[in-house]
Amino acid sequence: MKHVFLALLMTFCLFSGAQAAQVNKVAAVVNGKVITMYDLQKSALPDLIRARINPNDPKQSKEMDLILRKTLDGMIMDILFEQEAVRLKATVSESDIDDELATIMKTNGLTKAQFEQRLAAQKIPLKELRDNLRKKIMRQKIMGQEVGRKVVVTNKEIEDYYKAHKNDIFRRDGLHMALLVYPRNVNAASIAAQLASGAIAFPDAARKYSIAPNKEKGGDMGPVEWDRLNPEWSERLSKMKPGGVTDIFTINGFKAQVHLFRPGATGPDAPLTLSEARPIIDGILRRPKAMERFEDYTRQLRNRAVIDIRL
């Protein structure tokens, strides 16, 4: 209830006082499509809540402006990708979205009823979630068509990488990821030190301290679906050995750690041969090239567009 109350309070703050006069103003126009201040503030609301920003506090105006501009940049890119999808005749079906929702429920260990209850508790309309997933899937399709197919990894690059890292490449099928997200009132560094020393097992720490889903299962988020990971998570997990735990990192403003493990394993995994490791190495080398190509592609989209920012 605390988070719901904070969201409602923040919504009130956003549309009270001086802010109320701004909501119908235009924040930007992208190739003729308008983004209003109302839409911008609504999209920025989750980040404003996490940052504990009060829009009516002049002392926080700089922080609020940074969040609004970052949100606006994302909204601009969403419009550019929507328009690019029309040009490329790319579509996202309802079954594509259903599959993505099923994956989310599976990853979080939720039944359909439990998932819908969680959405209702967080005041997230299912239609809004489906719209956001549609944008995500569309972006992935366009990336695959315009970015992925233009990225090349050579045999020599794979062989050179294997020679340098062959003792650190392991079978990835069947690996699970467990997540521990620390509440703000605990000493994360102290618990991380206990994990590193073996004084406490990761599942026990997750059950005791974590505020992430599946804490009752020791933080186990299920099998890692490598081809569905976003670049940040893929890079993080690809550098880990089975059984390893990451250093502390930040996720949505909270400190967190990840455990990569193989359920039921009794000992360390044996490194893979070059033939076995080839598809894994291809993925590792392809990611940074794809990101570089993606940045070039998005830069070209922006350069070709007529964008009028009025913040």
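Me: How do you know that strand S1 and S7 pair, and in which sense, parallel or antiparallel?

Reply: In this predicted model, strand S1 (residues 26-30) and S7 are joined by three bridges. Pairing requires at least two bridges, so S1 and S7 count as paired, and their sense is antiparallel. Within S7, isoleucine 309 is the residue that alanine 28 stands opposite.

Me: What makes S2 and S7 edge strands?

Reply: The open sheet has three strands, in the order S2-S1-S7, with antiparallel pairing. Strand S2 (33-36) and strand S7 (307-309) each have a single partner strand, so one side of each lacks a neighbour in the sheet. From one strand to the next, the twist averages 15°.

Me: Which strands does helix H3 touch as it packs on the sheet?

Reply: Helix H3 (residues 37-50) touches S1 and S2, and its direction makes about 60° with that of S2.

Me: Why is H8 called roughly perpendicular to H12?

Reply: The axes of helix H8 (residues 155-165) and helix H12 (residues 274-304) cross at roughly 105° and come within 9 Å. Angles of 65 to 115 degrees count as roughly perpendicular, and the crossing of H8 and H12 therefore earns that description.

Me: Which residues make the contact, and how is it composed by class?

Reply: H8 contributes Asn155, Glu157, Ile158, Glu159, Tyr161 and Tyr162. From H12 come Leu274, Ala277, Arg278, Ile281, Asp282, Ile284, Leu285 and Lys289. By class, the contact of H8 with H12 comprises eight nonpolar, one polar and five charged residues. Tyr counts as nonpolar, so Tyr161 and Tyr162 of H8 belong to the nonpolar class.

How values were computed:
Residues are numbered from 1 along each chain as its sequence is written. This is a predicted model: local features need pLDDT of at least 70, side-chain atom pairs count only at pLDDT 80 or more; totals for chains, interfaces and linings use all residues. Side-chain values use heavy atoms; hydrogens and water are left out. Axes are lines fitted to C-alpha atoms, for helices over the stretch in contact, and angles run from 0 to 180 degrees between N-to-C directions. Helices (H or I, at least four residues) and strands (E, at least two) are DSSP runs, numbered from the N terminus. Angles under 35 degrees count as roughly parallel, over 145 as roughly antiparallel, 65 to 115 as roughly perpendicular and the rest as oblique. Contact means heavy atoms within 4.5 Å.
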